Amino acid sequence: ATQAYFFALVLSEIRPARREQLLSEARDIATNRELAGVHYASDSRAGRQLAEDVVALLRRDKRWWEQVNKARAEWPEDQSP
């Protein structure tokens, strides 16, 4: 769950228009892990919170923004996927 949410949040920095789609997919992954019996709902909630906290810390660093901006330039919003 942490990885799914982390990647969704990172990718949504690069492709903000896809934020809801990415977070929805992360929720699906977390839910599927619960259904498979390898996570409790509390694990999914904690995984999302941990991912949000890590991204919040990264956003404080100017090097983070340098990398995000490079990624945005390489992967413009009008380009698939």
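R59 touches E13, W64 and W65, leaving out residues up to four places away in sequence. In this predicted model, R59 sits in the loop between α3 and α4, and its partner E13 belongs to helix α1, which covers residues 2-14. The notes below start from that pair, then move on to the other salt bridges, helix α1 and the nonpolar core.

**The R59–E13 pair**

- R59 and E13 form a salt bridge, with 2.7 Å between the closest N and O atoms.
- Because R59 lies in the loop between α3 and α4 while E13 is in helix α1, the pair ties together parts that are 46 residues apart in sequence.
- If you prefer to look at the backbone, the C-alpha atoms of R59 and E13 are separated by 9.7 Å.
- The two side chains also make a polar contact, at 2.7 Å.
- How exposed is each partner? R59 is partly exposed, with a relative accessible area of 40%, whereas E13 has 11% relative accessibility and therefore counts as buried, the cut-off being under 20%.
- Beyond its neighbours within four places in sequence, E13 is in contact with V55, R59, W64, W65, V68 and R72.
- W64 and W65 are thus on the contact list of E13 and also on that of R59.

**The other salt bridges**

- How many salt bridges does a search of the whole structure find? The search gives three, and R59 with E13 is one of them.
- Another joins the side chains of R48 and E52, at 2.8 Å from N to O.
- R48 and E52 are four residues apart in helix α3, so about one helical turn separates them.
- Both residues of this pair are partly exposed: R48 has a relative accessible area of 25%, and E52 has 29%.
- R63 and D61 also form a salt bridge, and their closest N and O atoms are 2.6 Å apart.
- In that pair, R63 counts as exposed at 55% relative accessibility, while D61 is partly exposed with a relative accessible area of 25%.

**Helix α1 and what covers it**

- With 13 residues at 1.5 Å a residue, α1 should span 18 Å, and its end C-alpha atoms are 19 Å apart, which agrees.
- Which residues of α1 are buried? They are A4, Y5, A8, L9, V10, S12, E13 and I14.
- The cover over these buried residues includes α2, α3 and α4.
- For Y5, the contacts outside its neighbours within four places in sequence are L23, A26, R27, A30, S44, G47, R48 and A51.
- R48 therefore turns up twice here: as a contact of Y5 and, at 2.8 Å from N to O, as the salt-bridge partner of E52.

**The largest nonpolar core**

- The largest nonpolar core has 14 residues, and those touching the most other members are Y5, A8, L9, L23 and A26.
- Two or more residues of this core come from each of α1, α2 (19-35), α3 (41-58) and α4 (62-74).
- Helix α1 supplies the largest share of the core, five residues.
- As background, nonpolar side chains tend to be buried together in soluble globular proteins.
- Y5, A8 and L9 are among the buried residues of α1, and they are also among the core residues that touch the most other members.
- Y5 is in contact with both L23 and A26, two residues that likewise belong to that most-connected group.

Definitions and conventions: Residues are numbered from 1 along each chain as its sequence is written. This is a predicted model: local features need pLDDT of at least 70, side-chain atom pairs count only at pLDDT 80 or more; totals for chains, interfaces and linings use all residues. Side-chain values use heavy atoms; hydrogens and water are left out. Buried means under 20% relative accessible area, exposed over 50%, partly exposed in between (1.4 Å probe, protein chains only). Contact means heavy atoms within 4.5 Å. A nonpolar core is a set of buried Ala, Val, Leu, Ile, Met, Phe, Trp, Tyr and Cys residues joined through side-chain atoms within 4.5 Å. A salt bridge is a side-chain nitrogen of Lys or Arg within 4 Å of a carboxyl oxygen of Asp or Glu. The expected span of a helix is 1.5 Å times one less than its number of residues. A polar contact is a pair of N or O atoms within 3.5 Å; within protein, one must be able to donate a hydrogen and the other to accept it, and residues adjacent in sequence count only if both atoms are side-chain atoms.
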